[in-house]
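Welcome! Take a moment to look over the sequence and the 3D view below, and then we can walk through a few places together.

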Amino acid sequence: MALERTLSIVKPDAVAAGHVGDIIKMFEFNHLRIIAAKLVKLSKQEAEGFYAVHRHRPFFQSLTAFMSSGPALVMVLEGDGAISLLREIMGATDPAKAAPGTIRRLYATSIERNAVHGSDAPETAAAEIAYFFPAIDLI
Ligand code: ATP
Ligand code: MG
């Protein structure tokens, strides 16, 4: 499988609940290496820009209010097949449907407050990494 980079965000719910260490441990256990990281408190506008693809969805206002409600840890992860691997260990969007042992099953509290983000394809990974990190910040 090809070496890939993907964007992950430990969302404000999981940062507030103190799950940053547990989530990073799962990344590293699954051979996803952190090659850039920063703690950010997104403005509402920055959250709207990040999730612009969902702007017409009924949950958009609530989602972007949540994503700008407190600190979030944004990371670039690298590894073999990193994009699909991260999606696999995150679990389904709705924690009620997420497989046992996945991050969302363990730490999400609702379909919105679901602990973690992961890019869903090579194109979105590249765009999302560039949204947060200039190329010079990537190791
Ligand atoms: P993410 O993009 O955050 O990794 P995802 O790809 O699993 O999650 P998307 O469909 O892209 O899911 O939705 C983006 C985010 O919007 C979800 O992670 C969740 O926080 C929120 N969301 C999705 N569906 C709903 C819903 N029906 N009600 C409330 N919030 C939702
Ligand atoms: Mg998504």
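Let us begin with the ligand. Ligand 1 sits in the largest pocket. Please keep in mind that this is a predicted model, and that the values in this report are computed.

**Around the ligand**

How many residues surround ligand 1? There are 14 of them, and the closest are Tyr51, Thr93, Glu112, Asn114 and His117. Sorted by class, this shell has 5 nonpolar, 5 polar and 4 charged residues. Which parts of the fold each supply at least two residues of the shell? Helix 5, covering residues 82-90, does so, and strand 4, covering residues 116-118, does too.

Three residues with an atom close to an oxygen atom of ligand 1 are set out here, with the kind of protein atom that takes part.

| Residue | Protein atom | Distance to an oxygen atom of ligand 1 |
|---|---|---|
| Tyr51 | polar side-chain atom | 2.6 Å |
| Glu112 | backbone N or O atom | 2.8 Å |
| His117 | polar side-chain atom | 2.8 Å |

On its own, ligand 1 has 580 Å² of accessible area, and the protein covers 81% of that.

**A salt bridge between two strands**

Now let us turn to charged pairs. Side chains of opposite charge can pair when their charged atoms come close. The count of salt bridges in this model comes to 3. One of them joins Glu78 and Arg5, whose closest N and O atoms are 2.9 Å apart. Why does this pair tie together parts that are far along the chain from each other? Glu78 belongs to strand 3 (residues 72-80) while Arg5 belongs to strand 1 (residues 3-10), so the salt bridge links parts that are 73 residues apart in sequence.

**A stop at Asp94**

Where is Asp94 found? Look in the loop between helix 5 and helix 6, the latter covering residues 103-107. From there, the side chain of Asp94 reaches the backbone nitrogen of Ala96 at 3.0 Å. Asp94 also has a partner in space: its C-alpha is 4.3 Å from the C-alpha of Ile111, although the two residues are 17 residues apart in sequence.

Conventions: Residues are numbered from 1 along each chain as its sequence is written. Chains are lettered from A and ligands numbered from 1 in the order in which they are written. This is a predicted model: local features need pLDDT of at least 70, side-chain atom pairs count only at pLDDT 80 or more; totals for chains, interfaces and linings use all residues. Side-chain values use heavy atoms; hydrogens and water are left out. A residue is near a molecule or strand if one of its heavy atoms lies within 4 Å of it. A polar contact is a pair of N or O atoms within 3.5 Å; within protein, one must be able to donate a hydrogen and the other to accept it, and residues adjacent in sequence count only if both atoms are side-chain atoms. Accessible areas come from the Shrake-Rupley method with a 1.4 Å probe; for residues, only the protein chains shown count as cover. On a 1 Å grid over the protein atoms alone, a cavity is a set of points where a 1.4 Å probe fits but cannot get out, and a pocket is an open set with protein on both sides within 12 Å along at least five of seven lines; lining residues have an atom within 4 Å of a point. A molecule sits in a cavity or pocket if more than half of its atoms lie within 2 Å of its grid points. Helices (H or I, at least four residues) and strands (E, at least two) are DSSP runs, numbered from the N terminus. Ala, Val, Leu, Ile, Met, Phe, Trp, Tyr, Cys and Pro count as nonpolar, Asp, Glu, Lys and Arg as charged, and the others, Gly among them, as polar. A salt bridge is a side-chain nitrogen of Lys or Arg within 4 Å of a carboxyl oxygen of Asp or Glu.
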